[in-house]
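Reader: I would like to see how the descriptive terms applied to this model follow from their definitions. Please take them in turn.

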Amino acid sequence: MTGLGWSKLVLLVLVGTALAPRAGADRETPPGRDPKQPVDEAYTERIHKYTTEPYFTSPLVDYLPASKTVPTPQAVLGDVAGAPGILPYAEDVYRYMRLLEKATPRVKVFSIGKTEEGREMIAVAVSSEENLKNLEENRARLAKLADPRAIKLDDAEADKLVGEAVPIYYITGTIHSPETGAPTALMELAYRLAVDESPYIKEIRDGTITLITPVVEVDGRDRMVDVYKWHLAHPKQFYPWLVYWGKYVAHDNNRDAMGVTLRLTENVLHTYVGWKAQVLHDLHESVPYLYDNTIGDEPYNAWIDPILADEWQVIGWNNVAAMTKFGMPGVFAHGDFDTWSPGYLMFIAALHNGISRLYETFGNGGADTEERTLQPEQYARTWYRQNPPLPKVLWSQRDNNNYEETGLLTSLHFFTENKQRFLKNFYLKAKRSTMKPSEEGPAAYVLPADDPRPALQAELLQVLERQAVEISRATSAFSVTLPAKKPKEPAKEKDRKEEKSPPPAPTTREFPAGSYIIRMDQPYSRIADALLDHQYWSPDDPQKTPYDDTGWTFGELYHVQVARVTDSKVLDVPMDRVREVHARGGVKGEGTLFAIANRAEPALATLRYKLHDASIEAAEEPFESAGKKFNRGSFLVRNRSRGDLDRAAAELGVQVTALTAPPEVKTHPVRAARIALVHTWLSTQTEGWWRLALDKLAIPYAYLSTQAIAKISDLNGKYDVILFPPVGYNAGVDAVVNGIPTAWGNPLPWKNTPETPNLVGKNDATDDLRPGLGWDGVAHLQEFVERGGVLLTAMDTSSLALSLGFADGVSTQNANKMKIVGSVVEMRLVDDASPIAYGYEEKGAAYCDNGPILSLSSIAGQRGRRRLGPEMRARPTGRGSVDDPDFAVGRPGMEAPEERKSEIWESPPVSDEQKRNGFRVIPPPRRPRVIFRYADSKDLLVSGLIEGGDEIAQHPAVVDAPSGKGHVVLFSINPVYRGETWGTYAMVLNAILNFDSLNAGRKDAAE
Ligand SMILES: [Zn+2]
């Protein structure tokens, strides 16, 4: 209090108050209703009734302002938002939003696309009448801030636009279908924003455009409402779990923001980018009572602008502060979510120069009011959670709605108060993205025109297109300087001293005309950089429990060449913008026989199924014809007109060469196998990514549950190949075979009834979710293989097949210390003559999530080898040197038979001792065949986290195990995952197309 007398201070306070009559001493508009506006008494009364404790609400939502013209959510719900027993379908929510649109010029509804099952998605804009009238002018202003090249990076011009533009805050609800509260909260929020005349809400309405997608996972929402209605109709019974959410995936619908393979991701991305929104705020409900995970925990994604990291803190802590003042317990930020993976829906904003936000509020998975008991770690007071949730409470959907709305309204108000700051940041982030080449780099990524996999290259570029990244194409050849590669540290001190090679020099690389250039001087350079760069998660990172995948490098996972170029000369290369990437395909040359090189491109499988009556053969050896080299596995197509083939090949980006004479090479037929894809009723998500891939490739398949398998006694009569993708859910023999216990409880039906019209959609149905594969199903699968079928498994289903004894000579082992958390690993090709390997190279990347660790043995029933510590192969103490034999005094020496060595991925040779009465020795033609193995420990990591990788290094990654007349093809990697692993799809497709020739090129051990 020095230098300022009392009277002056009093005067200042008085003047301050006088200048801001509606504000407190710090000029903040107080939250709460406008006493002059009447309240909807009946509605308000029920808000209070359904709120279980007085501290589970706030002055922002403990009343509803009345309107003579605008209907409240009651018009559609029949009760207030969050009322017990009421969950609206998406179309009811939309109907209400459209009623609002009719009743007030402050609401506009936009259709933003359809789901996989054809349901509509919407975005609702709520703002002042004037703001909504001027949407286009405003969009033009925001577009200039979003792309600062439009104003030549002129900061003064940007400031002018910042002063004039109205920012856009985009809220998305219920992407996770069992998290049910958001739609009603967002209905009421829209009403409040449109109707409430309190200064607090009016400031939001005048200052910001609130954009709302009330239901993101529309297909899943409608199923969830069905399940809830079933539950209400059968109150004393257990109810089915939500086994399908969307058509393909469940919880992983919030892991699609990299590949953008689901319609919901694409629709939200288009809306976010199209509206030039500043915030994308996604609502979830799995943590009591409001966890703002915007701040999260470390490590932060390495490609975000640090300005965003600051914004996360500022907004998140403000949110906690505002709600703490309301006395609402259990509101916190920080916590155990790390902000590394960009796969979350909200991350669309983070890597498109906006602000990503996410709430976890507390939901009951339906609209019942229930007693909820928390775990000690949930109600513990921590430094970031000073007013923690209570150990046990009665909790209602209304409570949840109160938290969601209060959080959103305080956020919207804070955002509006600081809108110039956030708009300026929006501009700055875009500007800094545009200046990336001259700041942190790189200058560009280049995808060379001579990549042997043009169709896969196009798939990868189409991901970038969906991400709104600008793609260019060089009109002439060019070269760039690549930085010198650091040599890998030699493992031993000894080797280091002996190495005298000169330090590596920078190299140049030539790229042909037509190469694709992803310039980094564009506003959305960060998303391209994040997808194409490599990731490194240190095993020493303080964060020991990564929240999701740690690596995702798209070029590696697509098996497509991507060059990271730091040489800024690349930006001067003459180039054109590409509007639509499409690989060039079609027939060239003369002749009636057609050859297609096999480069492990999934498009080949599509072509096989498309030309179902063509005769197609695969070459078992490389050959040359028409002056071209064709690798092993290349297709030879007969019986199709050139025109048909040309059209199909052009559409698929497949290059075909016409030949005048058939090449002299051994071939076998490539058939369009009849495929069954098996799912459990435990979880359909991980297999859902496989369905998505097959559908995208237009490869037909029958979709069968384990229960159906149990009922089909002659599987071979219907199918050639059975795919049994990973289950997740810790699915071992017990869970998959026995299912959920049926000895008690009631059947849990999953089928369409008048009560539940949406459950099945385009998927599968059952009278009772609980029964599993059963021992009949096990027997049917085993018979299927014995009689010549191909069973293909991955990760946990590989372990399952081995536990059930489907294949001799392969076993799985548990890891001791290994930690590979959704990482990109390197594999090596072991058997290039196997049809499964057709088109692959010596090295290739794959997605791995902790194995399983597979090992081979030549002895039935014996566990395979693994490397644990140094091998004891050294000679014993005695005469001579380390390489000499010892001697025994008093008798002539005898040379020990040489021990046959084998690699860790191989079946160990059979020893003389094992051959004695060797009834367990697996005959060589029946031994498993390793197609791919994991790379050596030092080469294993491509992207992400690997700790203790030597436990799996060199072990088999893909094994073809003969069994009876058929095969079990076992994957330790997951070859089909989240639309991100296009490079390994062909391993599965090769197994499918060559199902009756998998033994091609097989070389058996002599004994
Ligand atoms: Zn969620």
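The exchange below treats sheets, helix packing, cavities and pockets.

Author: This is a predicted model, in which local features need pLDDT of at least 70, side-chain atom pairs count only at pLDDT 80 or more, and totals for chains, interfaces and linings use all residues. Residues are numbered from 1 along each chain as its sequence is written, and side-chain values use heavy atoms, with hydrogens and water left out.

Reader: What makes S3 and S4 a pair, and in which sense do they run?

Author: Strands (E, at least two residues) and helices (H or I, at least four) are DSSP runs numbered from the N terminus. Two strands pair if DSSP finds at least two bridges between them. Strand S3 (residues 168-172) and strand S4 (residues 209-213) have 5 bridges and are parallel, so the requirement of at least two bridges is met. One of these bridges joins Ile168 to Ile209 in S4.

Reader: Why are S1 and S7 called edge strands?

Author: The open sheet has 8 strands in the order S1-S2-S4-S3-S5-S8-S6-S7, with mixed pairing. Strand S1 (107-114) and strand S7 (331-333) each pair on one side only. From one strand to the next the twist averages 20°.

Reader: Why are H8 and H9 called roughly perpendicular?

Author: Two packed helices are described by the angle between their axes and the distance between the axes. The axes are lines fitted to C-alpha atoms, for helices over the stretch in contact, with angles from 0 to 180 degrees between N-to-C directions. Helix H8 (residues 182-195) and helix H9 (residues 199-207) pack at about 90°, their axes 8 Å apart. Angles under 35 degrees count as roughly parallel, over 145 as roughly antiparallel, 65 to 115 as roughly perpendicular and the rest as oblique. H8 and H9 are therefore roughly perpendicular to each other. Their contact (heavy atoms within 4.5 Å) involves Arg192, Leu193, Ala194 and Val195 of H8 together with Ile201, Ile204 and Arg205 of H9.

Reader: How are the residues of that contact divided by class?

Author: The contact of H8 with H9 has 5 nonpolar, no polar and 2 charged residues. Ala, Val, Leu, Ile, Met, Phe, Trp, Tyr, Cys and Pro count as nonpolar, Asp, Glu, Lys and Arg as charged, and the others, Gly among them, as polar.

Reader: What makes a space a cavity rather than a pocket?

Author: On a 1 Å grid over the protein atoms alone, a cavity is a set of points where a 1.4 Å probe fits but cannot get out, whereas a pocket is an open set with protein on both sides within 12 Å along at least five of seven lines; lining residues have an atom within 4 Å of a point. Grid points are joined across faces, edges and corners, and a volume is the space filled by probe spheres set on the points. The structure holds 9 cavities of 30 Å³ or more, and the largest has a volume of about 70 Å³. Its lining consists of 9 nonpolar residues, with no polar and no charged ones; among them are Trp690, Leu694 and Tyr985.

Reader: Which residues lie nearest the centre of the largest pocket?

Author: They are Lys485, His534, Glu556, Val562 and Val942, out of 32 lining residues. This pocket contains about 1500 Å³ of space, and its lining divides into 11 nonpolar, 8 polar and 13 charged residues. The largest share, 3 residues, comes from S33.
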